[in-house]
Amino acid sequence: QKLPENFVYVSKIIPDIALEIRYCGANNFMGKPVDAYRESVAILTKPAATALSQVQEELKKQGYRLKIFDAYRPQSAVDQFVEWARDEADTINKKSFYPEIDKRNLFNLGYISSRSGHSRGSTVDLTIINAETGEELDMGSPYDFFGSISNHNSEEINKEQKENRLILKHLMEKWL
Ligand SMILES: C[C@@H](N)C(=O)N[C@H](C)C(=O)O
């Protein structure tokens, strides 16, 4: 599919980036694929993808690579999140993704929003993996876990998990 000017498939700029586009499948907070995510691809603006390639190059020197969970998100997907969040009866994946959060509070706690930075194409959800094995570094909480342990400066995580988060934070701040 041809993308709008200034948008790129991230894998074209960073061929060895790993993708695990969660909203393409059922392993996400909704427990089902999101309609707009028909293909397992990551799309970003060219400047964002180019900056990310610098992060990847630095990580590779340390035996790591990046893995993307989500990048550009169409507004229709955001609308589907909002619709899901308003349906209090649908709690199929509560245990894995928001065990301590009442669904009614997902908006005011900032976990779900009716407008997302992802829809501008320069926001990306990602983690670091071992370049050889593909194993994720332990960041202390899983992707899209709605809870205070996912806050960057959480005190609920151990030293190694804090250090792993800082590797990613420092590199992202350096290049993006
Ligand atoms: C749904 C979650 N991954 C997320 O991206 N939340 C923020 C609020 C967003 O929609 O931008």
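## Around the ligand

Let's start at the ligand, whose surroundings are formed by Phe 81, Gly 110, Tyr 111, Ile 112, Ser 113, Ser 116, Gly 117, His 118 and Asp 144. Sorted by class, this shell holds 3 nonpolar, 5 polar and 1 charged residues. Please keep in mind as you read on that the model is predicted.

## A sheet of three strands

Next comes the sheet. Its 3 strands are arranged in the order β2-β4-β5; the sheet is open and its pairing is mixed. At the edges are β2 (18-19) and β5 (125-130), each of which pairs on one side only. As general background, strands of a sheet pair through backbone hydrogen bonds, in either a parallel or an antiparallel way.

Both kinds of pairing can be followed here. β2 runs parallel to strand β4 (residues 64-70), and 2 bridges join them. If you would like to find this pairing in the structure, look for Ala 18, which stands opposite Lys 67 in β4, and for Leu 19, which stands opposite Ile 68 in β4.

On the β5 side, β4 pairs in the antiparallel sense, over 6 bridges. One residue pair to look for here is Leu 66 with its bridge partner Ile 128 in β5.

## Helix α2 across the sheet

Helix α2 ties this sheet to the next part of the picture. α2 lies across β4 and β5, and the helix runs at about 140° to β4.

## Helix α2 against helix α5

α2 (residues 46-61) also packs with helix α5 (residues 159-175): the angle is about 135°, and the axes are 9 Å apart. The helix α2 is therefore oblique to α5. The crossing in which α2 passes α5 is right-handed.

Which residues of α2 and α5 make the contact? From α2 come Ala 51, Gln 54, Val 55, Glu 58 and Leu 59, while α5 brings Leu 171, Met 172 and Trp 175. By class, the residues of this contact of α2 with α5 comprise 6 nonpolar, 1 polar and 1 charged.

Key. Residues numbered from 1 in each chain as written. Predicted model: local features only at pLDDT ≥ 70, side-chain atom pairs only at ≥ 80, totals over all residues. Axes fitted to C-alpha atoms, helices over the stretch in contact; angles between N-to-C directions. Helix = DSSP H or I, 4+ residues; strand = E, 2+ residues; numbered from the N terminus. Parallel < 35°, antiparallel > 145°, perpendicular 65-115°, else oblique. Left-handed = near helix turned anticlockwise from the far one by under 90°. Contact = placed C-beta atoms within 7 Å. Nonpolar A, V, L, I, M, F, W, Y, C, P; charged D, E, K, R; others polar. Near = placed C-beta within 6 Å. Pairing = 2+ DSSP bridges.
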